[in-house]
Every structure is written in structure tokens, then in C-alpha cells.
Amino acid sequence: MKTGKTLLTISMLAIVLNACKQAGNPANSVKPAMIAQLDTNQYTSIIWKDTLINFGKITEGDTVKLVYTFTNTGNKWLYINSVKPSCGCTIASFTETPVEPGDSGRVEAFFASRFHPGQQNKIIMVRANTKIKTNHKLIFSGEVIPKSEK
């Protein structure tokens with residue numbers, strides 16, 4: 001019976017040690033974008049081509065793709081740390097690699113108009129390692145025509 005308990009204890013210890021090994025050092029898992037966001041010496045400048053897009057009129061159920069482009073006008077690498085749409089009807093992606101000074105990047109969003117008839121005004125919040133302000137507001141608007149009115 002003692003051998004069974006010893007074997008169980010050794011097995012549990014091996015599982016715990018393996019889990020700790022796989023977790024790794026938390027300091028190594030911090031993304032460069034987060035470090036740049038926290039270190040004001042790493043802040044740079046950004047210019048957006050457009051921060052407001054009007055997609056016009058669409059029929060309810062259609063999906064609209066919106067593209068916001070920006071240029072890193074500073075002298076440090078630009079990191080987009082997060083992109084958060086204000087509504088679950090919008091999915092956004094962004095340039096996740098560092099944007100070198102003088103280069104451009106983009107934020108893309110897809111607005112699904114199903115169950116969203118009428119005038120739409122949505123916001124996408126972007127957080128980056130940029131001077132003056134780190135939060136940037138991207139806005140899109142348009143009208144969704146209900147299917148019954150078509």
C-alpha cells in the first residue's frame with residue numbers, strides 16, 4: 001500500500017513540475033507592445049489618414065469592411081497595444097508587428113449589420129505607444145436599411 005501512495009505522490013509531483021515548466025517565466029511573456037506602452041521614453045507619433053468613415057447605406061444583414069490607415073511619424077517603433085470595438089457587432093484586427101518610423105499600418109474592422117437597422121454610429125478604441133495621447137478613437141457611421149423596407 002505504501003508503494004501505491006509513493007507512486008501517486010511522485011506522479012502528482014511530476015505533473016505539477018511539468019505544469020510549472022510549461023508556464024515559463026512570466027517576465028518573458030510580456031509583449032514588447034506592453035513594454036512600449038508603459039515606457040514613455042518609447043512613445044512615438046501617429047498620423048491617421050482618416051478617423052471617421054461613413055459607409056453610406058447598406059441593407060440589413062450586409063457586412064461592411066472598414067480600413068483605417070496610419071503612419072508612424074515619430075522616431076521610435078509604434079506598437080498597437082489593443083483595439084476594442086464598442087459593439088459586439090464589430091470585429092477588428094490590426095497591424096500587430098512593430099511599425100518602424102515612416103512606415104504605415106492599419107486597423108481593419110468588419111461591421112455585421114444583422115439586427116442593427118437604422119442610423120449607426122460606432123467607435124473603435126485603439127491604444128498605442130503614442131505621444132500626447134495613447135488612446136485613439138476611430139468612428140464609423142452609416143445607415144442600415146431594414147430588410148422589410150427594401
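I132 is exposed, with a relative accessible area of 93%. This residue sits in the loop between β7 and β8, and its phi is positive, about 70 degrees, although I132 is not a glycine. The model is a predicted one. Two open sheets of four strands are described below, one ordered β1-β3-β6-β5 and the other β2-β8-β7-β4. A search of the whole structure also finds one disulfide and four aromatic pairs.

**The β1-β3-β6-β5 sheet**

- The four strands of this open sheet follow the order β1-β3-β6-β5, and their pairing is antiparallel.
- β1 (46–48) and β5 (90–94) are the edge strands, each with a single partner strand, so each has one side without a neighbour in the sheet.
- From one strand to the next, the twist averages 25 degrees.
- Five bridges connect β5 and β6, which pair in the antiparallel sense.
- A92 has A109, in β6, as its bridge partner.

**The β2-β8-β7-β4 sheet**

- Here the order of the four strands is β2-β8-β7-β4, the sheet is open, and the pairing is mixed.
- β2 (52–59) and β4 (80–85) form the edges, and each of them pairs on one side only.
- Neighbouring strands in this sheet are turned against each other by 20 degrees on average, direction ignored.
- β7 and β8 run antiparallel and are joined by ten bridges.
- The bridge partner of Q120 is G142, which belongs to β8.

**I123 in strand β7**

- I123 is a residue of strand β7.
- Its relative accessible area is 29%, so I123 counts as partly exposed, a class that lies between the limits of 20% and 50%.
- I123 touches K84, P85, S86, K137, L138 and I139, leaving aside residues up to four places away in sequence.
- The C-alpha atoms of I123 and T51 are separated by 9.8 Å, and these two residues are 72 residues apart along the chain.

**The loop between β7 and β8**

- Which residues does N129 touch, not counting those up to four places away in sequence? They are A36, Q37, Q42, Y43, T44, W77, L78 and Y79.
- N129 lies in the loop between β7 (118–128) and β8 (135–145).
- With a relative accessible area of 0%, N129 is buried.
- A polar atom of the N129 side chain lies 2.6 Å from the backbone nitrogen of Y79.
- I132 is in the loop between β7 and β8 as well, but I132 is exposed, at 93% relative accessible area, whereas N129 is buried.

**The loop between β6 and β7**

- F115 is located in the loop between β6 and β7.
- Its phi is positive, about 70 degrees, although F115 is not a glycine.
- F115 has 61% relative accessibility, so it counts as exposed, for which the limit is over 50%.

**Aromatic pairs**

- Four aromatic pairs are found in a search of the whole structure.
- One of them is formed by F111 and F140, which are tilted, with 5.5 Å centre to centre and 55 degrees between the planes.
- F111 belongs to strand β6 (residues 104–112) and F140 to strand β8, so this pair ties together parts that are 29 residues apart in sequence.
- β6 is a strand of the β1-β3-β6-β5 sheet, and β8 is a strand of the β2-β8-β7-β4 sheet.
- F111 is buried, at 0% relative accessible area.
- F140 also counts as buried, with a relative accessibility of 0%.
- F55, F111 and F140 make up one aromatic cluster.

**The disulfide**

- The search of the whole structure finds one disulfide, and the cysteines it joins are C87 and C89, with an S to S distance of 2.4 Å.
- Is this disulfide right-handed or left-handed? The torsion about the S-S bond of C87 and C89 is about 135 degrees, so the disulfide is right-handed.
- Both C87 and C89 are buried.

Methods
Residues are numbered from 1 along each chain as its sequence is written. This is a predicted model: local features need pLDDT of at least 70, side-chain atom pairs count only at pLDDT 80 or more; totals for chains, interfaces and linings use all residues. Side-chain values use heavy atoms; hydrogens and water are left out. Buried means under 20% relative accessible area, exposed over 50%, partly exposed in between (1.4 Å probe, protein chains only). A polar contact is a pair of N or O atoms within 3.5 Å; within protein, one must be able to donate a hydrogen and the other to accept it, and residues adjacent in sequence count only if both atoms are side-chain atoms. Contact means heavy atoms within 4.5 Å. Rings of Phe, Tyr and Trp (its six-membered ring) pair if their centres lie within 6.5 Å; planes under 30 degrees apart count as stacked, over 60 as edge-to-face and the rest as tilted. Two strands pair if DSSP finds at least two bridges between them. Axes are lines fitted to C-alpha atoms, for helices over the stretch in contact, and angles run from 0 to 180 degrees between N-to-C directions. A disulfide is a pair of cysteine sulfur atoms within 2.5 Å.
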